[in-house]
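Me: Could you zoom in on one part of this structure for me and then show me what else is going on around the fold? I'm new to this, so plain words please.

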Amino acid sequence: ANRSSPDAANLVAESIKAMLTVTRTAYPNLAYIVLVGDDNVIPFYRVPDDTRYANERSYNPHAVAGSPTGAVFQYGYILTDDFYTSYRPFAWRGRGFYVPQYASGRLVETPGQIAQLLNAYLGSSRLAAQTGLVIGYDFLSDGATAMAATFSSAGITTTTIISDDWTVADLRHALLDARHDLASLNAHYSHYQAQPAQGGGLVEASEVIAANIDFSGTLAYSLGCHSGLNVPDEDGTASGGKDYRQDWPSAWISRSASYIGNT
């Protein structure tokens, strides 16, 4: 009833966690926990951002202004699902620090998107990755280089764009003109855009939705900040020619692809 209150959201999350704390003991082989629904259905846990530099209070306010998701950033919180999979938190800076004991995932955003991804997963054989894409620049270059080397050592044919001079056209061509089984997309992000190494434009999450590529079974992931931030459609806005509701997690899931990113 009060979604703009981080405290209220955390009370709901704590009630769910209390149920999980008891229920999980009935499954001695429990390995992972999947949450079904966006923040409106099962709230992310809100933890305070204690940093001074690039604090969440400064995150892209025009994109989620006046919404419950916007309130999370307004009050300086970070969204996390680690709370639901950590049962031995330790004290840190006056609060709990949640180290996951189980792998977790979250299915977003609409029932149709969720069903589509589940059907694609159940209807496919195990993915044997044959092709990969790795991009990176600046402080992300060393991690991207290591990932590309790991891909190649596993026999995966890998396309790389790792430098400080690639453009939005380079990114669009690599990402949207050909399918890759694995896509490591390391860049500066917002929840709905990715920034190339050089200026001249941004790639929108909506472009993944519209691409004439079969992304089913693809695993995409990124080190980029907010690359994994799912904003419920009713919390995003559309103005000035920009649709802030089309975030990366829901874009990839709408194409039956799995996605890993930071909230």
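Reply: Let's start with F90, which sits in strand β4, a stretch covering residues 90–92. Keep in mind that this is a predicted model. Is F90 buried, exposed or something in between? Its relative accessibility is 41%, and the in-between class runs from 20% to 50%, so F90 counts as partly exposed. F90 also has company: together with W92, F97 and V99, this residue makes up a nonpolar patch on the surface. The four of them add up to about 350 Å² of accessible area.

Now for the sheet. Five strands make an open sheet, and if you walk across it you meet them in the order β8-β7-β9-β13-β16, with parallel pairing. At the edges you find β8 (157–162) and β16 (258–260), each of which pairs on one side only. Going from one strand to the next, the twist averages 10°.

Take a look at one end of that order. Strand β13, residues 219–221, pairs with β16 in the parallel sense, over 3 bridges. One pairing you can pick out is Y221, whose bridge partner in β16 is I260.

Helices pack on this sheet too. Helix α5 (residues 141–153) touches β7 (131–136), β8, β9 (182–185) and β13, and its direction makes about 165° with that of β7. Helix α6, residues 168–176, packs on the sheet as well, touching β7, β8 and β9. The direction of α6 makes about 160° with that of β7.

Notes:
Residues numbered from 1 in each chain as written. Predicted model: local features only at pLDDT ≥ 70, side-chain atom pairs only at ≥ 80, totals over all residues. Heavy atoms only, no water. Pairing = 2+ DSSP bridges. Helix = DSSP H or I, 4+ residues; strand = E, 2+ residues; numbered from the N terminus. Axes fitted to C-alpha atoms, helices over the stretch in contact; angles between N-to-C directions. Contact = heavy atoms within 4.5 Å. Patch = residues over 30% accessible without salt bridge, like charges linked within 9 Å, V, L, I, M, F, W, Y side chains within 5 Å. Areas by Shrake-Rupley, 256 points an atom, 1.4 Å probe, with all protein chains shown as cover. Salt bridge = Lys/Arg side-chain N within 4 Å of Asp/Glu carboxyl O. Buried < 20%, exposed > 50% of the residue type's maximum accessible area, 1.4 Å probe, protein only.
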